[in-house]
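Biologist: I should like to take a close look at a single part of this model, set against the protein as a whole. Please begin with the overall picture and then work towards the detail.

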Amino acid sequence: LFWGGSVNNATPNFANRGKVKIKANGGSYVEIDADSIVSNNSGSITYHCYKNITSFAQTAGRFARYTIADLVTQTGSANRFGGWTLVVAYRNDLETQKNLTVFGGVANISTTFTPVQIDLNGFLTPPTGPVTLEMGVVAYDGDRGFLQDSMYFNGAGTYIPVSDALNPSRDIFNSTIGNKGIENPFRIPLLHNTMGWDADIFAPDNSTKNFIGNNATSASLRLTTGNENYYAQVVTTAIDVYEPDIRLGNTT
């Protein structure tokens with residue numbers, strides 16, 4: 001579970017920003033404390049928290065609805081944002097084997113700093129056939145309509161812009177929550193503009209292997225902007241890999 005927002009020392013309940021309450025389905029709220037909290041004073045004053053809630057989620061079940069309460073954030077002015085996202089790594093034996101990564105913390109992407117680059121290694125893509133990949137980003141203060149916010153992926157020698165039907169390549173952080181170009185329809189309230197909160201999963205078309213090819217062992221992802229600030233808290237990737245597939249089974 002990742003959460004955070006914009007704050008200052010006068011924000012109500014500032015001292016409790018590392019705590020939230022969570023409930024699943026119609027259950028009771030449970031107060032939890034962050035495993036880690038990162039404070040940021042670059043650009044805006046923000047905070048970014050993480051809590052491993054694996055056991056809570058396993059008890060809640062596969063199709064649970066989660067609700068968060070008492071999240072601390074500023075209100076009432078411009079450039080205010082706050083929210084939460086649950087990142088789930090799961091096993092599905094019907095899918096191809098993948099290398100999974102989850103990067104958490106905070107990165108300030110602005111015109112003042114060089115682009116933020118995340119390097120990926122320690123994997124081997126299949127020697128032949130298709131190579132599929134997904135990437136996810138949780139980001140704050142991505143203003144809709146401020147062009148030149150972009151994400152690029154390079155696994156084949158060239159940085160290729162990432163986009164989908166919900167996130168244009170030059171405004172990819174545009175206050176949306178979606179999965180592979182489709183807005184998540186199950187949120188309550190279902191806001192089409194989340195006012196500074198982005199949580200998206202991308203599955204770019206790699207049929208020509210322009211993003212990443214066969215026998216690849218490294219890649220990198222780059223976040224850039226041309227005219228504003230935004231803050232990335234989570235970056236995830238899932239890339240097809242080539243490795244032994246050993247599973248036990250019974251036959252008769």
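How many helices and strands are there in the protein? Within that framework, please look closely at strand 2: which of its side chains are buried and which are not?

Modeller: The model is a predicted one. The protein has one helix and 17 strands. Its radius of gyration is 19 Å, close to the 18 Å that the globule rule gives for 252 residues, so the protein is as compact as a globular protein of that length. Along the principal axes, the C-alpha atoms fill a box of roughly 60 × 50 × 30 Å. Of the 252 residues, 41% are buried. When contacts between residues at least 6 apart in sequence are considered, 73% of them join residues at least 24 apart. The accessible surface comes to about 13600 Å², and carbon and sulfur atoms account for 52% of it. As for charge, the protein has 17 positive and 21 negative charges, whose mean positions are 5 Å apart.

Strand 2 is the part to be examined closely. In a regular strand, the side chains alternate between the two faces of the sheet. Strand 2 shows this alternation: Val20, Ile22 and Ala24 point to one face and are buried, while Lys19, Lys21 and Lys23 point to the other face and are not buried. The dividing value here is a relative accessible area of 20%, under which a residue counts as buried.

Strand 2 has pairing partners that include strand 3 and strand 6. With strand 3 (30-33), strand 2 pairs in the antiparallel sense over four bridges. Val20, one of the buried residues of strand 2, has Ile32 in strand 3 as its bridge partner. With strand 6 (residues 66-69), strand 2 also runs antiparallel, and four bridges join the two. Lys23, which belongs to the face that is not buried, stands opposite Thr67 in strand 6.

The link from strand 2 to strand 3 is a hairpin, with five residues between the two strands. Asn25 lies in this turn. Although Asn25 is not a glycine, its phi is positive, at about 55°. Asn25 has a relative accessible area of 41% and is therefore partly exposed, since this class lies between the limits of 20% and 50%. Another non-glycine residue with a positive phi is Lys209, at about 60°. Lys209 is found in the loop between strand 15 and strand 16 (218-224), and it is partly exposed, with a relative accessible area of 28%.

The strands that flank the loop of Lys209 lead to two open sheets. Strand 16 belongs to an open sheet of four strands, in the order 9-16-11-12, with antiparallel pairing. Strand 9 (116-121) and strand 12 (160-161) each have a single partner strand, so they stand at the edges and one side of each is left without a neighbour in the sheet. Strand 12 is joined to strand 11 (residues 150-154) by two bridges, and these strands run antiparallel. Tyr152 has Pro161 in strand 12 as its bridge partner. Tyr152 is 24 residues from Thr128 in sequence, and their C-alpha atoms are 24 Å apart in space. Thr128 is placed in the loop between strand 9 and strand 10 (133-140), and it is exposed, with a relative accessible area of 62%.

Strand 15 belongs to an open sheet of six strands, in the order 8-17-10-15-13-14, with mixed pairing. Strand 8 (98-109) and strand 14 (182-183) are the edge strands of this sheet; each has a single partner strand, so one side of each lacks a neighbour in the sheet. Strand 8 pairs with strand 17 (residues 230-240) in the antiparallel sense over 10 bridges, and the bridge partner of Lys98 in strand 17 is Asp240.

At the other edge, Ile182 lies in strand 14. Ile182 is exposed, with a relative accessible area of 59%. Leaving aside residues up to four places away in sequence, Ile182 touches Leu166 and Ile177. The C-alpha atoms of Ile182 and Asp200 are separated by 9.3 Å, with their positions 18 residues apart along the chain. The loop between strand 14 and strand 15 (197-202) holds Pro189, and the peptide bond from Ile188 to Pro189 is cis, with omega near 0°.

Methods
Residues numbered from 1 in each chain as written. Predicted model: local features only at pLDDT ≥ 70, side-chain atom pairs only at ≥ 80, totals over all residues. Heavy atoms only, no water. Pairing = 2+ DSSP bridges. Buried < 20%, exposed > 50% of the residue type's maximum accessible area, 1.4 Å probe, protein only. Contact = heavy atoms within 4.5 Å. Rg over C-alpha atoms; globule rule 2.2 N^0.38 Å. Areas by Shrake-Rupley, 256 points an atom, 1.4 Å probe, with all protein chains shown as cover. Lys, Arg positive; Asp, Glu negative; His and termini not counted. Charge placed at Lys NZ, Arg CZ, Asp CG, Glu CD.
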